[in-house]
Amino acid sequence: MQVVRANSENLVINRLPDGSRIFTDAGNETVFALNATAGAAWDACGSATTLSGVAMEMQRSFDPQVSEDLAHEAILQLQEKNLVTTSETAPTTTRRRMIASLGAVALPLVVSLTLSDQRANTVLASSRPCTAASATACSGLR
Amino acid sequence: MTESLAFAVRAFDCTIEATADSPETLAIANRYVFPSFPRMEAGSAPPDVSLRLEETGEDDTGQRFRLSKDGEAMASAGQAIGLVPHLIHAIDEAVVQRLAALRAVHAGAVLLNGQALLLPGTTHAGKSSIVAELLRRGAAYFSDEYALIDARGLAHPYPRPLLLRNGSPEQSPVLAGELNARVGDAPAPVGWILLLEYQAGSSWRISPVPQSLALVALLQNTPHALADAPELIAIFERAVAGAACYAGKRAEAADAAAEIIRLTGCPA
């Protein structure tokens, strides 16, 4: 399977002290959060490569325990967020089996937040009175 | 016409003017408008927001006191104290809209061993209840509503009165001092960010999460739109850079506070 970074010229990438990453895609108005495992997979895709190449690079630069299955899962997550393109798509049954077989290295994680969703959340993040009517929706207020 | 009693408070980038029509309503305003901030003479600076507490006489619904904002009635109540949650939310709105350098995160915040602990969450997430329990266990008070983050990523206190429900549907104002807690008076680095979800009957189950995920959580809990304030990423990046970040389930506030104290290693 060939793996190529997508849209990387539009990304602003920030690496945090724990190895996780924040990608800001101004063109698509989206922020991505990658954990260290997914970030290592992204790094490994620096040039057009194969899945085996990604796994080997992750073993070298991130953790020797990275398996090809783990690298594959990371690539699939990056692909789902359109951060990489691949020459083939793994069937979901294969993917489920892969996830079940992953080892000690933290599972890759890629989450995204669009600017429109972020803007919508600003309303919820504003101070509002907790009235008797709205209190029925309250949780955990003991 | 009754005599107008008034004072002003400079809170961050907002000048708040409070007026009242009696010593009783003035005392309420004075007690609950950023009580730890110094008072100024009303009129010494043009107010950004003017709030007035007054007794209007009992109307046909039994309400006797009224709160007005910039001359427009916004709430009424049978007792003056019943207007305080509305007063506090009106101030929150005015202050957050006018923040110049600081950026707000909707979060409970306390100070533990010189570091800020943030509990991002929406209204009704239980931030105030956990903050109150942490104060009872020795934490210093930053806020039950907003953590203000500066360009260096430091968290600043936003020491409004806590609004607690105490088993009632309505919120009641409580001062940090009533919980024997000190109010933080200086910015602090963020030491912990906890993304907690209440689940009745749940045990405490949290796991470490990447700092990048915590940053996204801060973006999801800020009243500022990223499209209008792109500097949020850099500011929040500095805030999370020194933080241990966790996410998971919690049960009751008292249990959660005890677990938080254990997690942070800070003595109660």
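**View 1. Helices H2 and H3 of chain A cross in this predicted model**. Let us start with two helices of chain A: helix H2, residues 51–61, and helix H3, residues 68–80. Their axes come within 9 Å and cross at roughly 110°. H2(A) and H3(A) are therefore roughly perpendicular to each other. On the H2(A) side, look for A:Leu51, A:Ser52, A:Val54, A:Ala55 and A:Met58. H3(A) answers with A:Glu68, A:Ala71, A:His72 and A:Ile75. Sorted by character, the residues of this contact are six nonpolar, two polar and one charged.

**View 2. Helix H1 of chain A also meets H3(A)**. Helix H1 of chain A covers residues 36–44, and its axis comes within 9 Å of that of H3(A). The two axes cross at roughly 85°, and that makes H1(A) roughly perpendicular to H3(A). From H1(A) come A:Thr37, A:Ala38, A:Ala41 and A:Trp42. Facing them in H3(A) are A:Ala71, A:Ala74, A:Ile75, A:Gln77 and A:Leu78. This contact between H1(A) and H3(A) divides into seven nonpolar residues, two polar and no charged. You may recognise A:Ala71 and A:Ile75: they take part in the contact with H2(A) and in the contact with H1(A).

**View 3. Four strands of chain A form an open sheet**. Reading across the sheet, the order is S2-S3-S4-S7, with antiparallel pairing. S2 and strand S7 (110–114) of chain A stand at the edges with a single partner strand each, so one side of each is left without a neighbour in the sheet. From one strand to the next, the twist averages 20°. S3(A) is joined to strand S4 of chain A, residues 30–34, by five bridges. A handy landmark for this pair is A:Ile22, which stands opposite A:Ala33 in S4(A).

**View 4. Strands S2 and S3 of chain A make a hairpin**. Here we move in on strand S2 (residues 11–15) and strand S3 (residues 21–25) of chain A, which run antiparallel and are joined by five bridges. Across the pair, A:Val12 stands opposite A:Thr24 in S3(A). Five residues lie between the two strands. In the turn, A:Gly19 has a positive phi of about 90°.

**View 5. Six strands of chain B form an open sheet**. The strands of this chain B sheet follow the order S3-S1-S2-S4-S5-S6, and their pairing is mixed. At the edges are strand S3 (39–40) and strand S6 (72–77) of chain B, each pairing on one side only. Strand S5 of chain B, residues 65–69, runs antiparallel to S6(B), and five bridges join the two. To find your place in this pair, look for B:Arg66, which stands opposite B:Ser76 in S6(B). Helix H1 of chain B, residues 23–32, packs on the sheet and touches strand S1 (5–11), strand S2 (14–20) and strand S4 (49–55) of chain B. The direction of H1(B) makes about 140° with that of S4(B). H2(B) lies across S1, S2, S4, S5 and S6 of chain B, running at about 155° to S2(B).

**View 6. Chain B is divided into two domains, 1 and 2**. Domain 1 of chain B covers 5–97, and domain 2 covers 103–264. Taken over C-alpha atoms, their centres are 26 Å apart. Where they meet, 10 residues of domain 1 are in contact with 12 residues of domain 2. H2(B) gives the most to the domain 1 side, with six residues. That side divides into eight nonpolar residues, one polar and one charged.

**View 7. Chain B touches chain A**. In this view, 39 residues of chain B are in contact with 35 residues of chain A. Helix H2 (84–97), helix H4 (211–220) and helix H5 (232–240) of chain B each supply at least two residues to the chain B side. H4(B) gives the most, with seven residues. The chain B side divides into 17 nonpolar, 15 polar and seven charged residues. For the complex, the predictor gives an ipTM of 0.87 and a pTM of 0.91.

**View 8. The predictor's confidence is given for each chain**. Chain B has a mean pLDDT of 93, with 98% of its residues at 70 or more. Chain A averages 83, and 78% of its residues score at least 70. Over residues 133–142 of chain A the pLDDT is below 50. Beyond near neighbours in sequence, this stretch has 19 contacts in the model.

Conventions:
Residues are numbered from 1 along each chain as its sequence is written. Chains are lettered from A and ligands numbered from 1 in the order in which they are written. This is a predicted model: local features need pLDDT of at least 70, side-chain atom pairs count only at pLDDT 80 or more; totals for chains, interfaces and linings use all residues. Two residues are in contact if their C-beta atoms, placed from the backbone, lie within 7 Å. Ala, Val, Leu, Ile, Met, Phe, Trp, Tyr, Cys and Pro count as nonpolar, Asp, Glu, Lys and Arg as charged, and the others, Gly among them, as polar. Axes are lines fitted to C-alpha atoms, for helices over the stretch in contact, and angles run from 0 to 180 degrees between N-to-C directions. Angles under 35 degrees count as roughly parallel, over 145 as roughly antiparallel, 65 to 115 as roughly perpendicular and the rest as oblique. Two strands pair if DSSP finds at least two bridges between them. pLDDT is the predictor's confidence in each residue, from 0 to 100. Domain bounds come from an automatic or database domain assignment.
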